[in-house]
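Colleague: I'm new to this and would love a close look at one part of this model. Could you take me through a pair of helices that pack together, and tell me how far to trust what I'm looking at?

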Amino acid sequence: AVVSTQSTGEFFRTGLTSSPSNRRRADTDPESTQEEETDNQDRNQFSYYFMLRTGKVLDLTISQQTKNFIFRTRGSKEDISVRSKEVQMFYTYMTKRLRSFPAFENWKPESVDDVVIGMERFVMVNIYANVFNPPSDREKNDVIDQKIRSLHWILPKHLDFTLPNDNENSDRQLALAQYYLLQLNEKRSPHDKISCIALCCKALHELFSLAHDKAAGADELMPMLIYTIIVAQPVNLFATTQYIDRFLPAETLSSGETAYNFTNMCCALQFLENISPDKLSLSPEEFDHFMKGHSSHLEEALSTKFASGLIDNINRVKECEEKVRQLQSYHDKLRDNTEQLQDDITKHKAEVQTSLASMRSKFTCIEEEMAKLLIS
């Protein structure tokens with residue numbers, strides 16, 4: 001691996017596009033020049049991202065190192081375990097750099113933590129396509145996706161739990177839990193994905209408390225989580241758990257509520273992967289009958305007012321999400337227009353300065369001609 005022959009600092013300081021050979025090639029190779037311009041755009045994008053979140057100007061070396069790391073990881077052919085280790089090393093290295101950044105001396109620790117998370121999110125969004133669901137995961141991921149789809153007939157009674165009585169609050173919480181599961185495949189950073197899992201579990205805790213007036217323990221949460229996965233049928237769930245395990249900062253999964261929620265998700269996924277008749281209190285014949293698609297339980301469930309309420313709630317959540325996307329699009333356009341305005345101002349300023357310089361030159365010539373006439 002690359003990291004075995006270089007120190008951590010050297011590994012992140014090395015610039016793939018800053019070597020003399022690359023600079024010489026850029027002078028004669030249009031494609032290389034274009035690549036270099038793209039790299040500069042990535043670096044500027046990170047600088048803008050940092051300034052937007054903190055109001056501070058980013059140290060150029062930090063910006064350059066982050067860009068170098070993204071560029072290096074995108075082109076890496078190493079095994080996914082090696083790339084995971086390199087990303088974790090980068091987190092550790094860059095976290096120390098950011099925490100020692102002079103502009104953060106008077107910041108609260110949690111505010112600096114937000115900046116660090118922002119850095120991690122920025123990196124992972126940029127390398128997502130290169131590290132999510134690698135070839136080593138795809139076969140098992142597809143098998144588990146298919147297994148979850150084949151279990152659509154399972155009802156709460158098969159998992160030994162009951163849903164609260166039909167009411168608007170219980171409908172909303174179950175719909176939210178499903179919505180956050182479906183959002184897992186839409187998010188690209190490990191932090192955003194683990195947040196979806198946390199919000200899903202929170203909704204299920206709320207759902208349980210509506211019927212029992214107490215917090216749900218692991219034994220109560222697990223069957224609800226399994227059922228929610230079956231109903232929502234999120235894609236790439238195995239690949240998502242592997243991605244989080246590899247690329248979320250290691251200390252985040254070592255303890256606390258985040259680790260608890262993630263463990264529950266992995267256990268639910270393992271249950272579904274290895275499901276058997278005895279785990280559902282069914283005979284082998286009944287299990288095979290349902291797995292062959294002869295069950296009418298799903299149609300019966302979907303015809304209920306409860307399921308209808310779930311669909312309505314999911315649609316309302318999707319409408320809210322669309323509004324958020326529209327606001328984000330407006331923000332992006334506003335940012336682009338602001339940048340264009342700044343460019344126009346800079347260009348106009350340069351043109352004015354050029355005109356003034358030209359006028360001064362002409363005025364000087366006129367003065368010289370007038371002086372000659374007076375002397376003569």
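Modeller: Let's start with trust: confidence in the chain is lowest in helix 2 (residues 20-28), with a mean of 37, and highest in helix 11, at 97. That score is pLDDT, the predictor's confidence in each residue, from 0 to 100. Averaged over the chain, pLDDT is 79, and 78% of the residues score at least 70. Residues 1-44 have a pLDDT below 50, and beyond near neighbours in sequence this stretch has 55 contacts in the model; a contact means heavy atoms within 4.5 Å.

This is a predicted model, where local features need pLDDT of at least 70 and side-chain atom pairs count only at pLDDT 80 or more, while totals for chains, interfaces and linings use all residues. Residues are numbered from 1 along each chain as its sequence is written, and side-chain values use heavy atoms, with hydrogens and water left out.

Now for your pair. Two packed helices are described by the angle between their axes and the distance between the axes. Here, helix 4 (residues 60-74) and helix 6 (residues 109-131) have axes that come within 9 Å and cross at roughly 15 degrees. The axes are lines fitted to C-alpha atoms, for helices over the stretch in contact, with angles running from 0 to 180 degrees between N-to-C directions. The helices themselves are DSSP runs (H or I, at least four residues), numbered from the N terminus. So helix 4 and helix 6 are roughly parallel to each other, a label for angles under 35 degrees. Helix 4 passes helix 6 in a right-handed crossing, that is, the near helix is turned clockwise from the far one by less than a right angle.

Who does the touching? On helix 4, look for Thr-66, Phe-69, Ile-70, Thr-73 and Arg-74; on helix 6, find Phe-122, Val-123, Asn-126, Ile-127 and Asn-130. Sorted by type, these contact residues are five nonpolar, four polar and one charged. Nonpolar covers Ala, Val, Leu, Ile, Met, Phe, Trp, Tyr, Cys and Pro, charged covers Asp, Glu, Lys and Arg, and the others, Gly among them, are polar.

While you're in there, peek at helix 5 (residues 80-99), which holds Met-89. Met-89 is partly exposed, at 23% relative accessible area (buried is under 20%, exposed over 50%, partly exposed in between, using a 1.4 Å probe and protein chains only). Its C-alpha atom is 9.5 Å from that of Pro-249, although the two residues are 160 apart along the chain.

Definitions and conventions. Helix = DSSP H or I, 4+ residues; strand = E, 2+ residues; numbered from the N terminus. Parallel < 35°, antiparallel > 145°, perpendicular 65-115°, else oblique.
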